[in-house]
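Here's a quick tour for anyone about to open the coordinates. Have a look at the fold first, then read on.

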Amino acid sequence: MRVLKFGGSSVGHAESIKKVIEIICESGKKNKIVVIVSALGGITDQLIDIGCLAESGDENYKSLLQKLEERHLETVQQLLPPAGQSSALSMVKKYFNELEDTLNGVYQLSELSKRIQDRILAFGELLSSRILSAALHATGINNEWKDSRELIQTDSAYGHAQVKMKITRQVIEVYFSSTDSNVYILPGFIARDENGITTTLGRGGSDYTASILAASLNAEILEIWTDVNGIMTADPRLVPHAKQIPSISYAEAMELSHFGAKVLYPPTIHPVRNSNIPLLIKNTFDPGADGTRVEAISNSNGSIIRGISSINKVALLSLEGSGMVGIPGFSKRFFESLANEQINVILITQGSSEHSICAGVEQSLAAKAKISIDKAFDREIDMKIIDPLIVEENLSIIALVGDNMKSHPGISGRMFGALGRNGVNVRAIAQGASERNISAVISSADVKKAINTLHEQFFETTYKQVNLFLVGLGNVGQKLITQIKVQQEYLRKHLRLQVNVIGIANSRLMHFDENGIDLGSWQESLNNGSPMNLEAFSDEIVSRNLRNSIFADVTASPVVALVYQDLLQKSISVVACNKIACSSKFENYKQLKETATDYNASFLFETNVGAGLPVIDTLNNLLRSGDQVNQIEAVLSGTLNYVFNHYDGTVKFADIVKQAQDEGYTEPDPRLDLGGTDVMRKIMILAREAGYKMDLEEVDNHSFMPEACMQGDIPSFYQQMELHEDHFKQLYNEAEKEGAKLKFVARFQNGKASVGLKKIPPAHDFYHLYGKDNVVLFYTNRYTEQPLVIKGAGAGADVTAAGVFADIIRASA
């Protein structure tokens, strides 16, 4: 014999019920079957609402009841041929007349007890099962309908009655041994107490009904038919890449169902587990799918973790005080006070210091719990040896579940490491000695991010998803988007990395798409975006709370740099092409670096110094390996190198500078390059990264620019350069006479930094530096006579974008 249970989604409307009939017909060809049915989809919730309206004296309950009746009548009419509808329609009318009388009593008395509510809710399953039975008869499938209340006996705890298993099994065995039908139809969820009064088994109780029948009949298998292909590794509504679990143990299924997995009602497992009956979860709308098989020992499939689940709307109760240390009985009194108020404890944790004890409960019961516990410990609270109960709300519990976690080291480390790197603060932790479950209490706002983070950590064998927010869509920003688009396949294949651009912005507009902006049409998306507001953009990044989030600043804006601190404090990594933050006051630079470390975020700014050249990364690797930097000499301005490599007096100096700007080599304000400010910032950043405290005013700038050129706006800057052409010619001629070239050189030695124009002789490393190339020489304890040299293009949108891209990949690790 097989027991099949169909949930509300499987009997939501006539078309889905027809699929149920097909499944019953197919299964009934080979086996005797018992079919347990839930109420039509959504009916139980609507009956609860109607009952509450009647209790409150709101006559609108009548119109809602009329709609429910019409829905059931329409279902009969859609399922049965006209000639066979009469008795079924009469049955529906009869039930709704009884329901109407009951609700009228509730309305008149303004009282809805749990006992009456159970009676009201029972009509949902009674109606659906009778309609299914009639539809089966109409299609030629003989069946016997049986009221579950005549088989399952419970106590009188209305709303969540406890089954008296011994007598229930006896009654079930007697009934089925005395009948000889091939198909039985029974309503789920409902039972009765010893006085014959209707009770219910709790929300999801139809699963439990089916499990009781399966265990009592020693069924071959229990099949739970729903609207998904089985138990998933995580809630697919939260995790788009959740996978079906083909096989799972009873113990694992119990853990997952307890911690919020909606496919199974937690008590369902006990009866079939005790009778060693396998349970199969199948999809009514995809009956050919394998589903999930639940049995004593599951196939491991090489997976340590079986699934991830969560419970929302949790409150954490914390009892603390020095008076608890070493004194027995506190835990007993704590949990007794909760038990006396019928408050179920979801999670327990206590430190070895015995200074505190914590318990997780349903948030709706937290106020009652506080009153009860404070009363139980009122003497100790008055003596100030225990603090009043602390209640924290808006929390959730996430749980990793898997039999194979036992004695497998490193799981907790991976779990909490992944959460920490994504800024998920853990309020409490619990793990039983069975090592089958690791639970953590976190903010409810972090649940989606936490579950996706853990799913990626333990189940995603394909790739890690990075969520990128990009501000600055000029030359460099556009090149960056193109590079990401071109490299997507390579990143997935070789680095197992998926870079999703979630938000983009320029100075006028911003646009977001949590599924990832189409990089082939991002301009169109941006044009349809909303007005740019930096605070709103930053808030959007935080509120979306996505895992592996990275903010990339490809601007030169001091205002954009101000958001770094807040983002880093949310464990959102920052990649800065913008030099403003790292060249600001040392204390601000230091704070940003420390914040990134404290909150497990990356703060990377390789392009601040050498565009795409690995200057900062190389410097950091030297220091990490124990070397010490004693001296740095560098040509750090691709712009100035370009200018002096092209200027020979035949073309005006101003025209060469304008050409450099037009080709995208200069800063938006070219005076920062020509005046030496940009190089000052770069050598200062290198000095700071080498471990020295330095601010910009401590860098000596031997500027070659006439003071008049640096006054006024950018147009006047070009005008003044033309007026001072003789000055630039003289600089060039003096160098040429000595057989030298002009290079703007930055130097750091003995804790001091300087920048200035130098005449470079042919024997020097800087002499053969062409185009827009940069070069950096590191003299260290290991590189004494021959420096470590880094050389290459130091300006240009392509190489700068590549440097930003490299930092994004590094931050994704």
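What follows goes from the whole chain down to two sheets and one helix.

Keep in mind that this is a predicted model. The chain has 813 residues, and 53% of them count as buried. Its secondary structure adds up to 29 helices and 30 strands.

How does the radius of gyration stack up against a compact globule of 813 residues? Such a globule would come out near 28 Å, but this chain has 36 Å. The C-alpha trace spans about 120 × 70 × 55 Å along its principal axes. On the surface side, you get about 35,000 Å² of accessible area, with carbon and sulfur atoms owning 48% of it. Contacts reach well along the sequence, too: taking those between residues at least 6 apart, 71% join residues at least 24 apart.

Now for the sheets. Here are the two, side by side:

| Sheet order | Strands | Pairing |
|---|---|---|
| β13-β14-β12-β15-β17-β16 | six strands, open sheet | antiparallel |
| β21-β20-β19-β18-β22-β23-β24 | seven strands, open sheet | mixed |

Take the six-stranded, antiparallel one to start with. Its edges are β13 (347-350) and β16 (426-431), each of which pairs on one side only. Neighbouring strands here are turned by 30° against each other on average, ignoring direction. Helix α10 (residues 330-340) packs on this sheet and touches β12, β13 and β14 (356-362). The direction of α10 makes about 15° with that of β14.

Within that sheet, strand β12 (residues 307-320) and strand β15 (residues 390-401) run antiparallel, and nine bridges join them. If you want a pair to click on, Ile 311 has Ile 397 in β15 as its bridge partner.

The seven-stranded sheet has mixed pairing. At its edges sit β21 (530-531) and β24 (603-604), and each pairs on one side only. Which way do β23 and β24 pair, parallel or antiparallel? Strand β23 (residues 573-576) pairs with β24 in the parallel sense, over two bridges. Val 574 stands opposite Phe 603 in β24.

Last stop: helix α27 (residues 714-723). Which of its residues are buried? The buried ones are Ser 716, Phe 717, Tyr 718 and Met 721. Those buried residues of α27 pack against three helices: α24 (653-662), α25 (671-674) and α28 (725-737).

Methods: Residues are numbered from 1 along each chain as its sequence is written. This is a predicted model: local features need pLDDT of at least 70, side-chain atom pairs count only at pLDDT 80 or more; totals for chains, interfaces and linings use all residues. Side-chain values use heavy atoms; hydrogens and water are left out. Two strands pair if DSSP finds at least two bridges between them. Helices (H or I, at least four residues) and strands (E, at least two) are DSSP runs, numbered from the N terminus. Axes are lines fitted to C-alpha atoms, for helices over the stretch in contact, and angles run from 0 to 180 degrees between N-to-C directions. Contact means heavy atoms within 4.5 Å. The radius of gyration is taken over C-alpha atoms; the globule rule is 2.2 Å times the number of residues to the power 0.38. Buried means under 20% relative accessible area, exposed over 50%, partly exposed in between (1.4 Å probe, protein chains only). Accessible areas come from the Shrake-Rupley method with a 1.4 Å probe; for residues, only the protein chains shown count as cover.
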